[in-house]
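User: Please take a close look at the aromatic contacts in this model. Which rings pair, and how are they placed?

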Amino acid sequence: MSRYSGATIRYFRHFEDLEDAFRRRIATLLPRRHAGTALFWKDFQRLLHTIPAAPAGRPEHYITSDPRDCLAFGTPRQVLRAALITRAPLQPEAPLSLEGVARRYDLERQLNQPVRSLSGGETVRLALAKAFIGADRAGRLTVASPFSWLSLNNRRHFHDLAAHCRRHGNAFDVFALEGEDAIEADVVDNLPPGPDFGIRFRRAQVVLGSVFDHLQGRPRTASIEDGEHRLCSPCLLQGDNGQGKSLVAKALAGAMPREGEAVLETAGRAGRVRLLLQDFVNQTMMRRFDQMTRGIDARGRERVGRFYNAIRDDMTAGGPLAPDEVRSFEAGCTAPTPATLVELKVLLAALRLASAPAALVMDEPDWGLRRACALAFVGGVIRSAHGAGIPVLLISHKRWWRRWAGSNLQIDKTYTGSGEAEPALFQVRIRRTAFEK
């Protein structure tokens, strides 16, 4: 346990330990989603029958490891307005304006954007802004894993909220994974050379949010600047929170409705780009380990198992992980106990690689992993991908991965209009960069 900017930080080795401690803190009000549907519905049924009583005294506020769990409304404006309505009758002598809070947390441009289309960093900033509004009536704020989401530049918002809580005499507790808040990471430069590849954008526009967000109005879109880049794997896509890194990856993978060209070309590979998203728990759709391999024929299953065991062996061969922290593919398929988050991440990576994609994109791959485990996981996936001739794009706001990068792209965005009168809300720019490793 340590102190950081006035917050008390408690560190955990495993995601499951952090989540268990956090759920105890919030009286188990949030069902577990990382351990399969059976546990989720068990937790949900318990909630229906034994809703815990509200604590006496000042209320407690929380920000979960996935900040979307704290945001019940469709846009940031609605989230902040609801927080202000809840607060206003209790503190009329301390008025706050919605626009002022949005400005404080750099959310002015996103106020009318669908929450589901916000980046991870923008989402956690919105959760911090909501907590800021309610801080003067709360007794304690507990935050889970904020440093997985916030870029180094945007940690100032964390410090701002911590200072605000101190002024109001509130406890500010943080539950974090070991090394999650580290600025640098000691990595060994031992990755094999990766394949070359190219990306090309021509008149590319991506629809923000889902079809449900646009039933009452014109869809909001973002454009990607025209350009062509020759790259070497692993390619590191860097940029501050909310600059469009994940949007670029989803456009290349065809994972969002779009127009125009967004193409990745690799010599000798014709498959599609596959994604490992930061929103990992939703990507697994709460399936168990064995459920994620159902429907695959014997040959495909054998290929998945080879990739899985190769990544696992790489992670546990003299590294920071013990063999029992990541079960073998065969044990994972037959074990009666739920798979851990790291085992599911390895399996999802193996499933993507076994499909022989044109490239694999890893979006903020350290989420849910302590630093040493994240380094071992990413290194294992990259080595397995390169061994199969598959290039890797690594999306991160952290500096941890610079020594491994074969090429670098800097992603940022410029706002072009309101999204109503203009054809695009913002444009994403992509620049080839170099930096000292």
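Analyst: The aromatic pairs come first, then a cluster and the charges over rings. This is a predicted model, in which local features need pLDDT of at least 70 and side-chain atom pairs count only at pLDDT 80 or more, while totals for chains, interfaces and linings use all residues. Residues are numbered from 1 along each chain as its sequence is written, and side-chain values use heavy atoms, without hydrogens or water.

The count comes to 14 aromatic pairs (rings of Phe, Tyr and Trp, the last by its six-membered ring, with centres within 6.5 Å; planes under 30 degrees apart are stacked, over 60 edge-to-face, the rest tilted). Phe289 and Phe329 form a tilted pair, with 6.0 Å between centres and 55 degrees between planes. This pair joins distant parts of the chain, 40 residues apart: Phe289 lies in the loop between helix 8 and helix 9 (298-316), and Phe329 in helix 10 (residues 329-334) (helices are DSSP runs of H or I, at least four residues, numbered from the N terminus). Phe289 and Phe329 are both buried (under 20% relative accessible area, 1.4 Å probe, protein chains only).

Phe329 also pairs with Tyr308, again tilted, at 5.9 Å centre to centre and 55 degrees between the planes. Tyr308 belongs to helix 9 and Phe329 to helix 10, 21 residues apart. Tyr308, like Phe329, is buried.

Elsewhere, one aromatic cluster consists of Phe12, Phe22, Tyr62 and Phe175. Over the ring of Phe175 sits the charged end of Arg10, 5.8 Å from the ring centre (NZ of Lys or CZ of Arg within 6 Å of the centre and within 35 degrees of the ring normal). Lys413 likewise has its charged end over the ring of Phe426, 4.3 Å from the centre.

Technical notes
Helix = DSSP H or I, 4+ residues; strand = E, 2+ residues; numbered from the N terminus. Buried < 20%, exposed > 50% of the residue type's maximum accessible area, 1.4 Å probe, protein only.
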